[in-house]
Amino acid sequence: MRCPNRILPPRCSGCGFRENMCMCELFAQTQNETHVIVLQQKIESYKPSNTGRIVHRVLKNSELILRGEKNHPVDICELQSRYHLAALYPYPDSLVLSPSLLSDLSLKLPPALIVFDGTWQQGSRMAKQLRDKGILFVKLPDRIHRTYWLRDSGADNHLSTCETVIQSLYLLGETEQAKVLEHVFQLFVQKHLKLRGKDIH
Ligand SMILES: [Zn+2]
């Protein structure tokens, strides 16, 4: 029986595991070219299976912004003053990511890829808010399917946040960075599944 007064160590902000099980030292960091912004629904920050934090932990050129903080709305205008934003969401008219897409657009500011980190419904709401601000939307090709899962999203093509970024980096031609992130993500998933008593194949 679990002692009700047992105090658990806090969760590591880098990997999401309890600090006594932190696996961050196994993670390699990599310098990526395209700035990545993880727009994270606040409730995600409490979930150990969240993968958005892994993206930020591994990619040096990235930031993680919490959405849903009381009195701290996300300042899209501030982001727009620094970057030409491209949000990942599969609208029918979103542009399909490719190695030349962002350079072909002759952007005046460096591009930043926004990835939504929340449930499918939260992502949909976040996307609509950005769409109303006239932000560029990009998407992955339809053929990509997830290969790992920690949560059942109910659909085969609903990738986790980290998988979405891995595939985006491959499509943008940042192959080495994608491989580093993919390796860390596999370690993260394997550790989670091991804790749950499952094996991954
Ligand atoms: Zn950690």
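1. A useful definition to begin with: two residues are in contact if their C-beta atoms, placed from the backbone, lie within 7 Å. By that rule, and leaving out residues up to four places away in sequence, I114 touches I37, L39, L85, A86, A87 and L88.

2. A word on the model before going further. It is predicted, with local features needing pLDDT of at least 70 and side-chain atom pairs counting only at pLDDT 80 or more, while totals for chains, interfaces and linings use all residues. Residues are numbered from 1 along each chain as its sequence is written.

3. Now to the sheet. Its 6 strands (DSSP runs of E, at least two residues, numbered from the N terminus) form an open sheet with parallel pairing, in the order 2-1-5-3-6-4. Strand 2 (62-67) and strand 4 (95-96) are at the edges with a single partner strand each, so one side of each has no neighbour in the sheet. Strands count as paired if DSSP finds at least two bridges between them; strand 1 and strand 5 run parallel and are joined by 6 bridges. Among these pairings, Q40 has D117 in strand 5 as its bridge partner.

4. Two helices (DSSP runs of H or I, at least four residues) pack on this sheet. Helix 4 touches strand 1, strand 2, strand 3, strand 5 and strand 6 (136-139), and its direction makes about 145° with that of strand 5. Helix 5 touches strand 1, strand 3 and strand 5, at about 155° to strand 5. These angles, on a scale from 0 to 180 degrees, are between N-to-C directions of lines fitted to C-alpha atoms, for helices over the stretch in contact.

5. The largest nonpolar core (buried Ala, Val, Leu, Ile, Met, Phe, Trp, Tyr and Cys residues joined through C-beta atoms within 7 Å) has 38 residues, and V55, I114, V115 and L181 have the most contacts inside it. Helix 6 supplies the largest share, 7 residues.

6. Helix 6 deserves a look of its own. Its 21 residues reach 30 Å from first C-alpha to last, close to the 30 Å expected at 1.5 Å a residue, where the expected span is 1.5 Å times one less than the number of residues. Its buried residues (20 or more other C-beta atoms within 10 Å; exposed means 12 or fewer, partly exposed in between) include L181, F185 and F188, and the buried residues pack against helix 1 and helix 5. Just after helix 6, G197 takes a positive phi of about 80°.

7. Finally, R11 lies in the segment before strand 1. R11 is partly exposed, because 19 other C-beta atoms lie within 10 Å.
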